[in-house]
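Trainee: Could you take me closely through the aromatic pairs of this structure, and then through one place where two helices meet?

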Amino acid sequence: MPLYKYRAVSASGDILDGEMEAPSTASVAERLVELGHTPVRAEEAGSDSASKFDTSKFFRLQRGVSRRDLGLLTRELSTLLRAGVPLDRSLEILITIVEKKYLRDAIERILEQVRGGDTLADAMATRPRDFPHFYTSMVKAGEVSGALDQVLERLAEFLEHSQAVSESVRSALVYPVILVVVAGISLIVLLTGVIPQFRPLFESAGQALPLPMLVLVGVANILSSFWWAFLIVIIGAVVLVRRALSQHDSRLKFDSAVLRWPLIGALVRKIEAARFCRMLSTLLHNGVAMLPALAVTRDTLNNLALSEAVDRAAVSVKEGRGLSRSFADEDVLPHLALSLIRVGEETGELERMLDQVADIQERDVQRTVSRLLALLVPALTIGLGLVVAVVIVTLLSAILGVNQLAF
């Protein structure tokens, strides 16, 4: 039987990490529940990204269900269940209305497992690439409480909010990326297409050319002759970086450094704070206890440094400190968020306050992105324009200088 690594939360609130031989991840989860633990994550030991580099992830040969598709699927399934349609029939209906083949195949396999006696959460847990750990954990909580439709509705809301924030950031970066690509293409065309046309003229001038033009000619010659080497170097660098970031220590150092970057670090903190508060509120709304909720929420964060800060805060919560006091010692949430969470704890409305904090952070993300673009786009336009202008002016000056030498 394959060996699985798991993470669970004990009845006393301890976070348990270990290994277990089992036929599937669903069996691991069932065994943990029998032992009185709350399963958080289970995956094959050989598939651990920290110990093995998966080339298929780099080349994107395998695709999972996108966050947008997962949100739509969750919303539709919640609507069908709230209308009183049985689970198996709801899955059948989803198969007929889903357009993407990959998603349709995934639902068909889940339907087969559900009809075979598995719960929906167990069936989804066998496809961790499509359904994240926090997702299956919430579905399991919904099935246990008998409120699966309500849990799915809250999951859909969480995924929609998360997708909206991600899309706003990506949309804002479209123009700067296009600007950099166009400027890069312009430079390559100048260096590999235009300057070589004047090579015979420049070679006849020899050392009479100014130093900037000699540098440009040298760069153009290297690019024209060894462009394949540059391509290999770029691909190799990307592979090495991705492999390094798949290692826990390297990823932790990189994510910690990102948080210290000017402007970018603050934006990452706001995005992660919004995701953290939204997910924690969703879990608490559905009756998940605080310590298991923190363990599940930790896995939704993309920044490893912040994830480990959540782990440390969870230890303080276990010792009896409040959520706001525990996170006050960790640089995860902004001061306003901590103040609102403290008010929520004192008034017994923690879930509502967490939702409010998430709303505030999401709006702040949009404002921060707008301000960054207000600075970035003009800076890129001027900087790239100057680079192209310097190349053109250097080329024209060299041509005029050679013509003057001829006379």
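Mentor: Rings of Phe, Tyr and Trp, the last by its six-membered ring, count as a pair if their centres lie within 6.5 Å, and the planes are called stacked when under 30 degrees apart, edge-to-face when over 60 and tilted for the rest. The model in front of us is predicted, and a search of the whole structure finds 4 aromatic pairs in it. In one of them, the ring centres of Phe-131 and Tyr-135 are 5.7 Å apart and the planes stand at 40°, so this pair is tilted. Phe-131 is buried, at a relative accessible area of 1%, and Tyr-135 is buried as well, with 0% relative accessibility. Another of the pairs joins Phe-276 to Phe-327, with 5.1 Å from centre to centre and 55° between the planes, and it too is tilted. Because Phe-276 belongs to helix H13 (residues 264-285) and Phe-327 to helix H16 (residues 323-328), this pair ties together parts that are 51 residues apart in sequence. Phe-276 has 0% relative accessibility and counts as buried, while Phe-327 is likewise buried, its relative accessible area being 0%.

Turning to the helices, the axes of H10 (residues 211-225) and H11 (residues 227-245) come within 4 Å and cross at roughly 80°, and the two helices are therefore roughly perpendicular to each other. On the H10 side the contact is formed by Ile-222, Leu-223, Ser-224 and Ser-225, which meet Trp-227, Trp-228 and Phe-230 of H11. Sorted by class, this contact of H10 with H11 holds 5 nonpolar and 2 polar residues, and no charged ones.

Notes:
Residues numbered from 1 in each chain as written. Predicted model: local features only at pLDDT ≥ 70, side-chain atom pairs only at ≥ 80, totals over all residues. Heavy atoms only, no water. Buried < 20%, exposed > 50% of the residue type's maximum accessible area, 1.4 Å probe, protein only. Axes fitted to C-alpha atoms, helices over the stretch in contact; angles between N-to-C directions. Parallel < 35°, antiparallel > 145°, perpendicular 65-115°, else oblique. Contact = heavy atoms within 4.5 Å. Nonpolar A, V, L, I, M, F, W, Y, C, P; charged D, E, K, R; others polar.
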